[in-house]
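Please look over the chain shown here with its strands, core and surface in mind. A short briefing comes after it.

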Amino acid sequence: MKLSGTSAFALLGLAMLGSAHATIIDFEDLSGHSSLPSNYAGLNWSEGWIYYDWAQWPYTPASGLVRVYNSNTAVPTSFSFATDVVFNGAFFAGLYSAGFDLYNDGALVFSGDAVALSSTPLFLSSGYSGLVDEVTLRVTNGYFVMDDVSYNTQQHVPEPGSLALIGLGLAGLAAFRRRKAV
């Protein structure tokens with residue numbers, strides 16, 4: 001069966017409905033030194049997250065000047081998402097090591113390997129492609145910085161342009177079938 005141009009556009013629109021949207025939190029809209037708001041960038045950050053924007057060896061940011069760390073040893077160092085996401089990873093620098101524990105609906109779904117940190121920012125990939133809603137870091141609080149947090153969200157609500165393409169495609173398909181039936 002040969003597809004008309006309009007039908008092809010409709011299929012393209014349907015394919016776009018489930019596409020992923022990449023987000024990178026680079027903290028560059030912050031300046032100075034202060035506590036990170038608990039809902040910064042739409043994420044829920046555990047207590048003790050702090051941002052700053054000056055040079056400090058070995059705590060090198062991956063991009064720009066601003067990066068975050070957590071020095072609160074009383075609570076797990078974590079952040080959570082409002083919806084399920086695919087967590088890609090983040091850049092780390094500092095002393096000792098860093099690793100991730102990934103959770104979905106309160107259940108541990110993946111524990112990644114820890115890597116040694118240095119003054120050179122290292123992208124620590126989560127190593128997991130499933131959906132998560134919370135990331136807990138395995139770090140020594142006060143001896144790391146994190147930058148460029150990366151994750152993908154699923155677009156569940158179609159954009160108006162996609163809906164228009166689907167509508168045009170369905171109308172074209174109906175016209176094609178009607179013409180073929182005659």
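What follows takes up the cores, then one hairpin, then a surface patch.

This is a predicted model, in which local features need pLDDT of at least 70 and side-chain atom pairs count only at pLDDT 80 or more, while totals for chains, interfaces and linings use all residues. Residues are numbered from 1 along each chain as its sequence is written, and side-chain values use heavy atoms, with hydrogens and water left out.

**Nonpolar cores**
- The largest nonpolar core (buried Ala, Val, Leu, Ile, Met, Phe, Trp, Tyr and Cys residues joined through side-chain atoms within 4.5 Å; buried is under 20% relative accessible area, exposed over 50%, partly exposed in between, with a 1.4 Å probe and protein chains only) has 29 residues, and Phe27, Phe79, Phe87, Phe92 and Met146 have the most contacts inside it.
- At least two residues of this core come from each of β4 (49-52), β6, β7, β11 (132-139) and β12 (144-154), strands being DSSP runs of E with at least two residues, numbered from the N terminus.
- β6 gives the most to this core, with 6 residues.
- A second, separate core of 6 residues includes Ile50, Tyr52, Tyr59 and Ala93.

**The β7-β8 hairpin**
- Strands β7 (residues 97-104) and β8 (residues 107-111) pair in the antiparallel sense over 4 bridges, where pairing requires that DSSP finds at least two bridges between two strands.
- The hairpin has 2 residues between its strands, and aspartate 105 in the turn has a positive phi of about 55°.
- Tyrosine 103 has leucine 108, in β8, as its bridge partner.

**Around leucine 95**
- Leucine 95 lies in the loop between β6 (78-94) and β7, and is partly exposed, with a relative accessible area of 32%.
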